[in-house]
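Please read the following walk through a structure with the sequence and the model at hand. The text starts from one residue and works outward.

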Amino acid sequence: MSKKTLVLGASLKADRYSNIAVNRLRQKNHDVVAFGLKQGEVKDVVIDTNLKAYEDLDTITLYLNPKHQEAYYDYILDLRPKRVIFNPGTENPELYKILRANNIEFEVACTLVLLATNQY
């Protein structure tokens, strides 16, 4: 089952985990949208540099350190995803509380591991 996913903090650099995640999500046939600082394309996914009101998101997978996440709190809440994945290095107890208060599930996990073990 495809889970529409926003990769928040996407990179054009092939060695970045966010870039690898876009590729692996597409390999598993998930619908992927991406936001990053530099516009471009990874696989068949355009990286947007403007925040868009994506519809019907299942998951937001974070690749932003906690200091940079704060600017996106309202955006994340407005998108109303079913869950947010905090990849290694993105753990943020402040955002956990905000998500919990808004009935949005979250996981502290690695998207790449979840995909590799069919737990995504």
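In this predicted model, a convenient place to begin is Leu62, which, apart from neighbours within four places in sequence, is in contact with Leu8, Gln69, Ile76, Val84, Ile85, Phe86, Asn87, Thr90 and Leu95. A separate core of 17 residues lies apart from Leu62, and its members include Ala21, Val42, Ile47 and Ala109.

Leu62 itself belongs to the largest nonpolar core, which has 21 residues. Together with Leu6, Leu8, Ile60, Ile76, Val84 and Leu99, Leu62 touches the most other members of that core. Two or more residues each come from strand S1 (5–8), strand S2 (32–35), strand S5 (59–62), helix H3 (73–79), strand S6 (83–86) and helix H4 (93–101). The greatest contribution is that of H3, with five residues. As a general matter, nonpolar side chains in soluble globular proteins tend to be buried together.

The strands just named are part of a wider arrangement. Seven strands make an open sheet with mixed pairing, in the order S3-S4-S2-S1-S5-S6-S7. Strand S3 (40–42) and strand S7 (105–108) are at the edges; each has a single partner strand, so one side of each lacks a neighbour in the sheet. From one strand to the next, the twist averages 25 degrees.

At the S3 edge, the partner is strand S4 (residues 45–48), which runs antiparallel to S3 and is joined to it by three bridges. Within this pair, Gly40 is opposite Ile47 of S4. Helix H1 (residues 17–27) lies across S1, S2, S3 and S4, and runs at about 165 degrees to S1.

Two charged residues outside these elements can be followed next. Lys4 is in the segment before S1. Leaving out neighbours within four places in sequence, Lys4 has contacts with Asp31, Val33, Glu55, Asp56, Leu57, Asp58 and Thr59. A polar atom of the Lys4 side chain lies 2.8 Å from the backbone oxygen of Glu55. Between Lys4 and Val42 there are 16 Å, C-alpha to C-alpha, and the two are 38 residues apart in sequence.

Arg80 is located in the loop between H3 and S6. Arg80 counts as partly exposed because its relative accessibility is 45%, and partly exposed covers the range between under 20% and over 50%. Beyond neighbours within four places in sequence, Arg80 is in contact with Leu57, Asn102 and Ile104. The Arg80 side chain reaches the backbone oxygen of Asn102 at 3.1 Å. Tyr54 is 26 residues from Arg80 along the chain, and their C-alpha atoms are 9.6 Å apart.

How values were computed:
Residues numbered from 1 in each chain as written. Predicted model: local features only at pLDDT ≥ 70, side-chain atom pairs only at ≥ 80, totals over all residues. Heavy atoms only, no water. Core = buried A, V, L, I, M, F, W, Y, C linked by side-chain atoms within 4.5 Å. Buried < 20%, exposed > 50% of the residue type's maximum accessible area, 1.4 Å probe, protein only. Helix = DSSP H or I, 4+ residues; strand = E, 2+ residues; numbered from the N terminus. Contact = heavy atoms within 4.5 Å. Polar contact = N/O pair within 3.5 Å; in protein donor to acceptor, adjacent residues only side chain to side chain. Pairing = 2+ DSSP bridges. Axes fitted to C-alpha atoms, helices over the stretch in contact; angles between N-to-C directions.
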